[in-house]
Amino acid sequence: MRIAILGLLIGFAAPALAQDVQQGASLYQFYCATCHGVGGAGNGPMSPSLVVRPADLTTLTARNNDVFPVTRVVMRIDGREPLVSHGSSMPVYGDFFAGTDVATKAETGQPIMTSQPIVDLLAYLQSIQQ
């Protein structure tokens with residue numbers, strides 16, 4: 001009985017997270033490639049006009065001691081950690097990336113709440129790391 005209850009508690013504590021790399025790739029091409037470039041290298045056609053040059057998104061893991069910086073990426077996209085080049089909370093995207101209805105795992109192992117589009121973008125960004 002105790003084992004069954006423990007199994008149920010573990011199941012509720014760690015829900016399955018649906019990450020869609022293909023959806024993330026589509027979102028990236030639509031919302032991000034103009035500044036960050038089609039391949040994510042930070043060389044999109046709008047990059048020269050921005051106050052802060054867009055990051056090379058293919059090297060996020062390499063520049064973070066081989067750990068993908070989930071928390072920093074989530075907070076940059078959703079505006080909790082604003083960028084000067086975006087004006088503040090990603091005004092280009094409006095409310096599309098807003099929301100905290102989905103939990104994903106931060107690099108520390110702790111959950112971080114965000115939106116499903118950001119979870120999908122995370123999956124795509126992780127897939128393009130060099």
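**Helix α4 and its surroundings in the predicted model**

The buried residues of α4 (buried meaning under 20% relative accessible area with a 1.4 Å probe and protein chains only, exposed over 50%, and partly exposed in between) are P117, I118, V119, D120, L121, L122, A123, Y124 and L125. The model is a predicted one, in which local features need pLDDT of at least 70 and side-chain atom pairs count only at pLDDT 80 or more, whereas totals for chains, interfaces and linings use all residues. Residues are numbered from 1 along each chain as its sequence is written, and side-chain values use heavy atoms, with hydrogens and water left out.

The protein has four helices and two strands, taken as DSSP runs numbered from the N terminus (helices H or I, at least four residues; strands E, at least two), and from the N terminus on these elements follow the order α-α-α-β-β-α. Of its 130 residues, 37% count as buried.

Because nine of the twelve residues of α4 are buried, this helix is largely enclosed by the rest of the structure. The end C-alpha atoms of α4 (residues 116-127) are 17 Å apart, which agrees with the 16 Å that its twelve residues should span at 1.5 Å a residue, the expected span being 1.5 Å times one less than the number of residues. The buried residues of α4 pack against α2 (21-36), α3 (70-78), β1 (102-105) and β2 (111-114). When neighbours within four places in sequence are left aside, L121 is in contact (heavy atoms within 4.5 Å) with G24, L27, Y28, C32, I77 and F97.

The largest nonpolar core, a set of buried Ala, Val, Leu, Ile, Met, Phe, Trp, Tyr and Cys residues joined through side-chain atoms within 4.5 Å, has 22 residues, of which Y28, F68, V73, L121, L122 and L125 touch the most other members. To this core α2, α3 and α4 each supply at least two residues.

The strands β1 and β2 pair in the antiparallel sense over four bridges, where pairing requires that DSSP finds at least two bridges between two strands. They form a hairpin with five residues between them, and G109 in the turn has a positive phi of about 95°. V102 stands opposite T114 in β2. Side chains alternate along β2, such that I112 and T114 point to one face and are buried, while P111 and M113 point to the other and are not.

In the loop between α2 and α3 lies T61, which is buried with a relative accessible area of 14%. Apart from its neighbours within four places in sequence, T61 is in contact with D66, V67, F68, P69 and Q129.
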